[in-house]
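Here are my notes on the model you sent. They are set out as numbered points, to be read beside the structure.

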Amino acid sequence: METEISYEVVVGNIGTVYTGKIGGALETYETYKKQSSEGYGRAGHEDVIIVEKKLGDGFMSNYIIKEYNGYCGTETLPY
């Protein structure tokens, strides 16, 4: 079975705002990160993350690949 990879952007107080390829995930992440840092709308001061979802051989793995902490205003890269 071939491994399928998709990416999700999740924003606190909103939920999943994007599911698809990495390019769209990075663009969406930056949009919501800006809204979070500026205190704008429902995303204001909320956390924003990109999750990589891998499905292969009947198993699913989820990895956070980028995270913005809206309260502290800091970004972390887990790897």
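1. A cut-off comes first. Buried means under 20% relative accessible area, exposed means over 50%, and partly exposed covers what lies in between. By that rule Asn13 is partly exposed, because its relative accessible area is 49%. Please keep in mind that this is a predicted model.

2. Asn13 also deserves a look at its backbone. Its phi is positive, about 70°, although the residue is not a glycine. Asn13 sits in the loop between β1 and β2, the latter spanning 15–20. His45 has a positive phi too, near 60°, and is likewise not glycine. The loop that holds His45 runs between α1 and β3.

3. Now the overall layout. The protein has one helix and five strands. Along the sequence the order is β-β-α-β-β-β. The C-alpha atoms fill a box of roughly 45 × 20 × 20 Å along the principal axes. Of the contacts between residues at least 6 apart in sequence, 43% join residues at least 24 apart.

4. Next, surface and charge. About 5100 Å² of the protein is exposed, and carbon and sulfur atoms supply 50% of that area. Buried residues account for 27% of the 79 residues. There are 7 positive and 12 negative side chains. The centres of these two sets lie 3 Å apart.

5. Which residues form the largest nonpolar core? There are nine: Tyr7, Val9, Val11, Ala25, Tyr29, Ala43, Val48, Ile50 and Tyr68. At least two residues of this core come from each of β1 (4–11), α1 (22–38) and β3 (48–56). β1 gives the most, with three. In soluble globular proteins, nonpolar side chains tend to be buried together.

6. Tyr7, one of the core residues, has a long contact list. Neighbours within four places in sequence are left aside here. Tyr7 then touches Tyr18, Thr19, Gly20, Lys21, Ile22, Ala25, Ile50, Val51, Glu52 and Ile65. Two of these partners, Ala25 and Ile50, are themselves members of the core.

7. The salt bridges come next. The whole structure has four. Within this set, Glu30, Lys33, Lys66 and Glu75 are linked in a network. Glu30 pairs with Lys33, with the closest N and O atoms 4.0 Å apart. The two are three residues apart in helix α1, so about one helical turn separates them. Glu30 is partly exposed, at 36% relative accessible area.

8. What ties Glu30 to a strand? Lys66 forms a salt bridge with Glu30, with the closest N and O atoms 3.7 Å apart. Lys66 lies in strand β4 (residues 59–69) and Glu30 in helix α1, so the pair ties together parts that are 36 residues apart in sequence. Lys66 counts as buried, because its relative accessible area is 17%.

9. The network has a further link, between Glu75 and Lys33. Their side chains meet in a salt bridge, 3.4 Å from N to O. Glu75 belongs to strand β5 (residues 74–76) and Lys33 to helix α1, so this bridge joins parts 42 residues apart in sequence. Glu75 is partly exposed, at 35% relative accessibility.

Notes. Residues are numbered from 1 along each chain as its sequence is written. This is a predicted model: local features need pLDDT of at least 70, side-chain atom pairs count only at pLDDT 80 or more; totals for chains, interfaces and linings use all residues. Side-chain values use heavy atoms; hydrogens and water are left out. A nonpolar core is a set of buried Ala, Val, Leu, Ile, Met, Phe, Trp, Tyr and Cys residues joined through side-chain atoms within 4.5 Å. Buried means under 20% relative accessible area, exposed over 50%, partly exposed in between (1.4 Å probe, protein chains only). Helices (H or I, at least four residues) and strands (E, at least two) are DSSP runs, numbered from the N terminus. Contact means heavy atoms within 4.5 Å. Accessible areas come from the Shrake-Rupley method with a 1.4 Å probe; for residues, only the protein chains shown count as cover. Lys and Arg count as positive and Asp and Glu as negative; His and the chain ends are not counted. The place of a charge is taken as NZ of Lys, CZ of Arg, CG of Asp or CD of Glu.
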